[in-house]
Structures are given as C-alpha cells and as structure tokens.
Amino acid sequence: MLSRLMSGSERSLDREFSCTVRLLDDSEYTCTVQRDAKAQWLFEQVCQHLNLLEKDYFGIRFVDPDKQRHWLEFSKAITKQMRSQPPYTMCLRVKFYPPDPATLKEEITRYLVFLQIKRDLYHGRLLCKSSDAATLAAFILQAEIGDYDPGKHPEGYSSKFQFFPKHSERLERRIAEIHKSELTMCLAMQHFFHLPHLALWYYRGTGGFISSNGERGEINLSYHFHLLSSQDPMTVCL
C-alpha cells in the first residue's frame, strides 16, 4: 500500500513542476506547471495575476546554465526549452517597446514599461543624451519621493538615488533642478510617456529586445546598439 502511494507521488512529481516568475517590481509569482504545458499557458497565468490586458509588449525570459538570456517561445513546451532541471526561475520583461508609449491604454501597462525603462537605465542598458537622461531620472525621482518639499529634501537629496551605473555631479544637479521646478506628482507619469524622444527610442539589449512597428511586426536592430534616435546623436549618460 505504502509503495503504491509513493509510486503515485513520484508520478505526480514527474508530471508537474514549480516555476517562479520575477516581476518588474521585484515581486514574484509562483505556480505549479504541468510538464507538457506550453509557455503560452505560463504567460497567461502571469498576465491574469497582474490583470495585464496589453500583453503583446511583454515576454518571459530565462537564463541558461551558461548565463545566456533567452525568451520563452510561447508555442513550445517549457521543458523543451529549458537546459536545466526544475524548479525554474524566470523573469517577466518588456520584449517589445511600443513605438508611441503615449498610446498605451492601461495604467498597469504604462507602469510596467516605466519599471522596465527604470531598470534599463540603472543597469546601463539604455543610453541617451544627458538632457534626456536627466528628465527620465527626474520622473523616476518624482515617483520615488513625490513632489519637491524644501523641508524634506535638503541640498544633495537626489544623490541618495542611483539612476545610472555612474553619472556626473552636473547631471545630478540637473535632475534635482527638473524635479524642483517642473514636476508635480499628478502629471509626472503623463509627461513621462509624452517625452518627444521616448516615442523614437528603439531598444534591443543582450537579452534580445526588439521593437514593435505597431503592426505586430518586428524590427530587428543592431545587437550592440542600445538606443537609436532618428533625430539626435546618441551619447552615453555619465
């Protein structure tokens, strides 16, 4: 009797596994997945957990034992794509940056794209002119601490936040200036998604980011170029 129960338990373990998906706010979603389940099923579970309707911009990424990043192919079984044994840990990330972020309809979608841009800036995967970098960082600062308050925010308050891998004191001062003079909490996210240059940026990092052309097509960009603008030259934001 005991052997039959153990045998049944082992068969159950063979049929399913645990999978954890790290979300863009660094929280985690964990679920039990059938061994033959396709990646599309896992993606739908994550989107349902987030109440995410504008799904086309997102994907699930994993890192193989050689530290190489890959996107899950939704039409294939998860186990057929993994190069290690479960349990698995993956990440939800923006796979397609929208050509015009201002057209995003759902607040959760805008928030997740915002978190992805914040992450890319911090890890040095998104390069831009210093003026644009200061504006982006000021919006991030606004989201972190709200409106500028001289009683709460003494000189040099922005230096406590790390927006980029490294940056100059001049850029740091400019971030604080924008935050002090131009932003209010209620308009920060709205203005963020109406930045003139944001609609022109197409990003592809080493994980295989691709830009959508708005018609569900894909535009493959140079593997080593992180940010392209059709009008302005690109400079590293230091």
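This tour moves from a strand pair to a helix and ends at a salt bridge.

The model is predicted, so local features need pLDDT of at least 70 and side-chain atom pairs count only at pLDDT 80 or more, while totals for chains, interfaces and linings use all residues. Residues are numbered from 1 along each chain as its sequence is written, and side-chain values use heavy atoms, with hydrogens and water left out.

**First selection: residues 16-22 and 28-34.** These are strands β1 and β2; strands (E, at least two residues) and helices (H or I, at least four) are DSSP runs numbered from the N terminus. The two strands run antiparallel and are joined by 7 bridges, where pairing requires at least two DSSP bridges between strands. S18 has T32 as its bridge partner in β2. In the turn of this hairpin, D26 has a positive phi of about 75°. On β2, Y29, C31 and V33 form the covered face, whereas E28, T30, T32 and Q34 form the uncovered one.

**Next selection: residues 130-145.** This is helix α5, whose end C-alpha atoms lie 22 Å apart, in agreement with the expected span at 1.5 Å a residue (1.5 Å times one less than the number of residues). Its buried residues (under 20% relative accessible area, 1.4 Å probe, protein chains only; exposed is over 50%, partly exposed in between) include D132, F139 and Q142. Just after α5, G146 takes a positive phi of about 80°.

**Final selection: K118 and E144.** They form a salt bridge with closest N and O atoms 2.4 Å apart (a Lys or Arg side-chain nitrogen within 4 Å of an Asp or Glu carboxyl oxygen). The pair links helix α4 to helix α5, 26 residues apart.
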